[in-house]
Each structure stands twice: as C-alpha cells, then as structure tokens.
Amino acid sequence: MIKVRIPTPLRPLTKGQGEVESAAANIVDMIGSLDATYPGLKNRLCDEKGDLRRFVNIYVNEEDIRFLNGKDTSLKDGDEVSIVPAIAGG
Amino acid sequence: MPDLSIPQHILDQIVSHARELAPFECCGLLAGVNKTVTHLYRITNIVAVEGAEKLSTFDDDKVAHLERLSPEERAEIAFVMDMQDFSAAKKDIRKNGLDLQVVYHSHPKDPARPSHTDIKIATDYEEIWQRINLPIPAYLLVSLMHSPAADIRTYWITGGAVRPADVHIV
Ligand SMILES: [Zn+2]
C-alpha cells in the first residue's frame, strides 16, 4: 500500500483524515481512485486538463513529482506520497 | 552568533521586489550556506488564480474575505506561492548546495510583523518542511506602509509563537 498524506485544507474532503491509503500504480490513478472515495479531491488538485494546479505540489518520498514524471510518476508498495499546499500568507 | 547573516544587496532586492509589485504582495525565498544568505528567488504570487485561496491553509474567515474581493484585490492582502516557481527554486537551491533559509513577503499597507494568517499558515507548514526535506525557514516581512521608507523584520514562527530572529546585515 501507499501512504498518502493529506494537508489540513483538504481534510474536510477526507472526513478529517490526515493520512489515507492507496494501491494505485501512478499519481494519476492515485488521484482518480482517491476522488472516487473522497469526491472533489481531484478538482482541488488538477485543472480541467488533468494537470497539477500551480498552488499544489505532490512529493513521492520527499521528491517533487515535477522533477520525476509529473502526474505519470509511478508508485510502488511502501511509497509515501505527500500532497503539499502552496506556501501562503496574508 | 546571529541566527542569519543577510547581505545589504539582498535586502535591497527584496525592497525593489516589494515596490515593483505594490499595492500587491510580493513573495520569495532566500537561500545560502552556513547561515549566510547568498541567493534570492522571486516567486510569483498566484493568489488571484481561481481556487488558490481554497487550497492554501487560509482559515474560513480569510477565505470568505478573499472571496468577497476581486482577484486583483486579493493580491493586496494575501499571497500564495506558485509551486512551479517554488519547485524550480528548490531545484536550483539543491544544485548549488544551498540551504533554504528564509521565506519573505511584503505587507504593502501593514506593519512588518506576521499577520494572524501568516502565523497560522507557518504553523500548519511546520510539519510539511521536514516531509519535503527542507529546514524550517525564518520569515522575513517587508512593510511599505511608511513608504518611501521600507521596514524589514525577520521572525521565527514555531508552534503558533513568533519571536524575532537575530539577523546580522553584512
Ligand atoms: Zn503577511
């Protein structure tokens, strides 16, 4: 299984859970399957074309998927995925 | 020994960035080695991009406030870093063997101290830094409220508490 860490602003969609699991083989499938369980998640993370929105990053084991294969980055058992919201302030 | 040493020319670049973007907030990163800043990375403020206010860790009041404003007006009271820019900066920081040291942003009309929102988001972000293999940075604020003078102050924000950082200007 893959551990997926959910940031605070998305926890209302995951019933308050900060960590969920996935068995997906890549990031696109992971987002798709999480969205089936937690509707609305995909829309927060991806634009209409399915590309990662500019105000979010996804890391696989501390590595930015923008430096890997983007949304096609493959996943394997034991990987840890972190969904990271943009640094922000007021 | 100061927490950080920042060259005057880097502070000048932060003020220039803030003035160029005023009345909107600017944001960026400082990196260096051995507690001395050597590099500045400007990051685009994308708070006006649709949905950005929802995925940031703004609290409900701030989101409601932002949603009452036009996209342009949002950038006067908030910033959201473009994570494409952030990723590019992070890559350059690593390539050059530097450490991320400071997250900076401007307050065009407010004092150079962290807002309620700044403190909340920095606190939420504490657990994220280590997960993305970066140290917890200091937070530098530049205020233009008494323009043309610029006031620059730097803080550590941990566990919801703010304390001034000891910065040496070199
Ligand atoms: Zn602020």
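The exercises below work through chain B of a predicted model, each with a solution in steps.

**Exercise 1. The chain as a whole**

Find how many helices and strands chain B has, and decide how its radius of gyration stands against that of a compact globule.

*Solution.* Begin with the secondary structure, where chain B shows six helices and nine strands. Next take the overall extent: the C-alpha trace of chain B spans about 45 × 40 × 30 Å along its principal axes. For a chain of 170 residues, a compact globule would have a radius of gyration near 15 Å, and chain B, with 15 Å, agrees with that expectation. Then turn to the contacts between residues with a separation of 6 or more, of which 71% in chain B come from residues 24 or more positions apart. Finally, look at the surface and the interior: 50% of the 170 residues of chain B count as buried, while the accessible surface of the chain comes to about 7,700 Å², with 52% of it belonging to carbon and sulfur atoms.

**Exercise 2. Two cysteines side by side in sequence**

Work out why C26(B) and C27(B) do not count as a disulfide.

*Solution.* The step that decides the matter is a cut-off, because a disulfide requires two cysteine sulfur atoms within 2.5 Å. The cysteine sulfur nearest to that of C26(B) belongs to C27(B) and is 6.8 Å away, so C26(B) is in no disulfide. Seen from the other side, C27(B) has the sulfur of C26(B) as its nearest, again at 6.8 Å, and is likewise in no disulfide. The count over all chains comes to zero disulfides. As a last step, consider the surroundings: C26(B) is buried, with a relative accessible area of 0%, and C27(B) also counts as buried at 0%.

**Exercise 3. Placing two residues**

Determine whether E53(B) is buried or exposed, and which residues V167(B) touches beyond four places away in sequence.

*Solution.* Start with E53(B), which is found in helix α2, residues 52-55 of chain B. Its relative accessible area is 3%, and because buried means under 20%, E53(B) is buried. Leaving aside residues up to four places away in sequence, E53(B) touches F58(B), V63(B), L66(B), E67(B) and R74(B).

Now move to V167(B), whose place is in strand β9, residues 167-169. V167(B) has a relative accessibility of 27% and therefore counts as partly exposed. With residues up to four places away again left out, V167(B) touches L4(B), I6(B) and T154(B).

**Exercise 4. Backbone angles that stand out**

Identify which residues are joined by cis peptide bonds, and where N34(B) and K35(B), two residues with positive phi, are found.

*Solution.* Recall first that most residues other than glycine have a negative phi, and that most peptide bonds are trans. One cis peptide bond joins A22(B) and P23(B), with omega about 10 degrees, and P23(B) lies in the loop between α1 and β2. Another joins S147(B) and P148(B), with omega about 15 degrees, and P148(B) has its place in the loop between β6 and β7.

For the phi values, N34(B) has a phi near 45 degrees and K35(B) a phi near 65 degrees. N34(B) is found in the loop between β2 and β3, and K35(B) lies in the loop between β2 and β3. To complete the picture, N34(B) is exposed, with a relative accessible area of 69%, whereas K35(B) is partly exposed, with 44%.

Technical notes: Residues numbered from 1 in each chain as written. Chains lettered and ligands numbered in written order. Predicted model: local features only at pLDDT ≥ 70, side-chain atom pairs only at ≥ 80, totals over all residues. Heavy atoms only, no water. Buried < 20%, exposed > 50% of the residue type's maximum accessible area, 1.4 Å probe, protein only. Helix = DSSP H or I, 4+ residues; strand = E, 2+ residues; numbered from the N terminus. Rg over C-alpha atoms; globule rule 2.2 N^0.38 Å. Contact = heavy atoms within 4.5 Å. Areas by Shrake-Rupley, 256 points an atom, 1.4 Å probe, with all protein chains shown as cover.
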